[in-house]
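Visitor: Please take a close look at one part of this structure, starting from a single residue, and then carry on from there into the rest of the chain. I would like a careful reading that also tells me how far the coordinates can be trusted.

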Amino acid sequence: MAEEPLVVFTPSGRRGHFKRGTQLLQAARELGVDLDSVCGGRGICTRCQVRIGDGEFAKHGIHSSNDHLTPLTDAEERQRESGLLKENRRLSCQVRIGGDLVVDVPEESQVHRQIVRKRADARDVEIDPVVRPMYVEIPEPDMHDPASHLRRLEKALKEVWDVEVAGVDAHVLRKLHKTLEDGKYKATVMVRRGKRLVDIRPGFHDKVYGLAVDVGSTTIAMHLCDLLSGEVLASAGRMNPQIRFGEDLMSRVSYAMMNEGGAEAMTQVVREALNELAQETATEAGIDFNDIMETTIAGNPVMHHLILGLDPTPLGFAPFALATDDATIMLASDIDLMLNPGSRIYVLPCIAGHVGADAAGVVLCEMPYKSDEMTLIVDVGTNAEIILGDKNRLLAASSPTGPAFEGAQISSGQRAAPGAIERVRIDPETLEPRFSVIGDERWSNEEGFDAEPTGICGSGIIEVLAEMYLSGLLTTDGVIDGAMAEKTPRIIKQDRTFAYVLHDGEHQITVTQNDIRQIQLAKGALYAGARLLMDHMGIDTLDRITLAGAFGSHIDTKYAMILGMIPDCPLDKVSSAGNAAGTGARIALLNGKMRKELEHQVREIEKIETAIEPKFQDHFIDAMAIPHKTAAYPNLTKEVTLPEPKFAKQDEDSGGAGGRRRRRREGRSAPTEAAAE
């Protein structure tokens, strides 16, 4: 009998082998996948809809196909005819497993939906938009004056606004005559960059809006802004639908390499998401789609290429060549955005391969090139982008942290949604935990707390590991100390390792040895990238650290340092910049001059390629320890009493740092899990 099929659920990353014929909904429940269903599996409610990945998924080592499921049932046929079951989806309560599967659970099928915490950050921005409305009155046609409508319009713009027209969009010409007639030869012209006519409206019209978009590998955030006042009128966010093709960037590049039309499929779904978010924000603000005249987009290089319809596969191997690193301007319709026909998009420039337009947005937001302080800026995500420098010199690098910080590959991990544990404290005497969950401001030991945790999100994972280390449950090399089982029943045996029971309720939430390893790999890569830049800068200390990104903005900076995610620095100089990439996109939307400044600055940034730096691996191995194998943390120890270093015994085949060092001494290569992420 062939091996039992492997089923992988995204975005949770949970996986398991199941017998052929197992109901897909049952498999999801056994793995603790967040999948809704209220009709008892009768195919009535349609809440358990899923999408099946089609093609080769190298990360999981399987080929997934809709053919690996049983055929459509009568219930599915009925729901499809009614329009409630979409063409590319199946009801998990109706289908049975017949082969390997990658199963995507759409956001609307999740009980606990992701909270996309990418609201607009408060920021004063000088308003200088590239599109402005200009009202003019022109003479009506006259037999004695043979000038065309356009010529008379250009003359009026010159007289009233001192505008020398250098170009006119075709759709403006097509509706010029009717628009002037409807407005009794009074009209408002949308002028881009003070010279190109991109739209015209009858009469007086002073409304013009724009969209600032941050397309992350995990989430997409969009802000609708008034281009004349700078006000953010509406914000919206959602999971990036590309997650079903791969949780991390390299998995998506691999999908494009191994599946014909894979890149085009990923381009299509992200563009659809942008249109849906545009509709959502416009509806919330109560504005006309036709008044959206400009869009700015920031994203990492893979997202940048897929949005623009460029081949991302060269980014999957050295030398990681970008198709273009320049700022890109085109019609919104060129990327299928259904906005005003004259609406343009401006995609921020990339810095280099794997340091993309999102990092450029962070640079524009934080402006380290104007600072006297030596500042480290870390945009924490599935692929961390790191900027180091001051007004004299800037360096940049990327580190492959993987999706562990987002809750993926963690046994009880989940994304930030109601019910997820996000804060943790452990009593150093009793070793008993208390925690808070998203959606309830009380702690678990406070009166009235009755929330049932459903999992643990990224900020909670950081805190529980740091607290386990501070309380002695975790050794310096990241091993759960089995001897502590004599002091607390929360340390339980799991095969050859141990786990810590954080919550033992309807959902048992544990921290396993594998969970810790995944976080060690992620934080080791993050620290190594930062330390490598410090080497190139010739420094050992930092004046300031800024954590950016939706996840970075919700990390307690003290716990990030205890865990060793970042180098030592005075804690009062470690702060969050929020969604800096999105803020950078918003600055570029509202101020055309800042685009030129950004384009100049990114050309001055020196890119350090971690993949070819031998010292990166050395830094990575030392950074696996908590907080670090060798680096001192004098500023941290002023605020926190760190335990004396304690190491677990490592055998020759251990996955710990000791085993890695022994393998290197013997000439065997150190593991490359972080690079694979």
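Guide: The residue to start from is S436, which lies in strand 22, a run covering residues 433-437. This is a predicted model, and what follows should be read with that in mind. S436 has a relative accessible area of 6% and is therefore buried, since the cut-off for that class is under 20%. Leaving aside its neighbours within four places in sequence, S436 is in contact with A420, I421, E422 and R423, and also with R442 and W443.

From this one residue we can turn to an internal space. The structure holds four cavities of 30 Å³ or more, and the second largest of them has a volume of about 50 Å³. Its lining includes I410, S411, S412 and G413, together with I456, I461, V464 and L465, and it is completed by T510, V511 and D515. By class, this lining has six nonpolar, four polar and one charged residues. Two elements, helix 9 (458-470) and strand 26 (508-512), each supply at least two residues of the lining, and helix 9 gives the most to it, with three residues.

The strand pairing can be followed in several places. Six strands form an open sheet with mixed pairing, in the order 28-27-18-19-20-29, and its edge strands, strand 28 (574-578) and strand 29 (606-607), each pair on one side only. Within this sheet, strand 18 (residues 375-379) and strand 27 (residues 544-548) pair in the parallel sense over five bridges, with V378 standing opposite L547 of strand 27.

Another open sheet, also of mixed pairing, is formed by four strands in the order 8-10-11-9; here the edge strands are strand 8 (131-137) and strand 9 (167-168), each of which pairs on one side only. Strand 8 runs antiparallel to strand 10 (residues 186-192), and seven bridges join the two; across them, M134 has V189 of strand 10 as its bridge partner.

Strand 3 (residues 49-52) deserves a separate word. In a regular strand the side chains alternate between the two faces of the sheet. Both faces of strand 3 are covered, with Q49 and R51 on one side and V50 and I52 on the other, all of them buried. Strand 3 pairs in the antiparallel sense with strand 6 (residues 90-91) over two bridges, and the partner of V50 in strand 6 is R90. Strand 3 also pairs in the antiparallel sense with strand 7 (residues 101-104), again over two bridges, and there I52 stands opposite V103.

Some details of the backbone also call for attention. A cis peptide bond, with omega about 10 degrees, joins T10 and P11, and P11 lies in the loop between strand 1 (6-10) and strand 2 (15-17). The peptide bond from I626 to P627 is cis as well, with omega near -10 degrees, and P627 is placed in the loop between helix 15 (614-622) and helix 16 (634-639).

Positive phi values in residues other than glycine are found at F320, where phi is near 55 degrees, and at D336, where phi is near 70 degrees. F320 lies in the loop between helix 7 (301-308) and strand 16 (328-331), whereas D336 is found in the loop between strand 16 and strand 17. F320, with a relative accessible area of 14%, is buried, while D336, at 43% relative accessibility, counts as partly exposed.

On the matter of trust, the mean pLDDT of the protein chain is 88, and 92% of its residues reach 70 or more. Confidence is highest in strand 17 (residues 344-347), at a mean of 97, and lowest in helix 18 (residues 673-676), at 34. Over residues 651-677 the pLDDT is below 50, although this stretch has 46 contacts in the model beyond near neighbours in sequence. Where pLDDT is low, the predicted coordinates should not be read in detail.

Definitions and conventions: Residues are numbered from 1 along each chain as its sequence is written. This is a predicted model: local features need pLDDT of at least 70, side-chain atom pairs count only at pLDDT 80 or more; totals for chains, interfaces and linings use all residues. Side-chain values use heavy atoms; hydrogens and water are left out. pLDDT is the predictor's confidence in each residue, from 0 to 100. Contact means heavy atoms within 4.5 Å. On a 1 Å grid over the protein atoms alone, a cavity is a set of points where a 1.4 Å probe fits but cannot get out, and a pocket is an open set with protein on both sides within 12 Å along at least five of seven lines; lining residues have an atom within 4 Å of a point. Grid points are joined across faces, edges and corners, and a volume is the space filled by probe spheres set on the points. Ala, Val, Leu, Ile, Met, Phe, Trp, Tyr, Cys and Pro count as nonpolar, Asp, Glu, Lys and Arg as charged, and the others, Gly among them, as polar. Buried means under 20% relative accessible area, exposed over 50%, partly exposed in between (1.4 Å probe, protein chains only). Two strands pair if DSSP finds at least two bridges between them.
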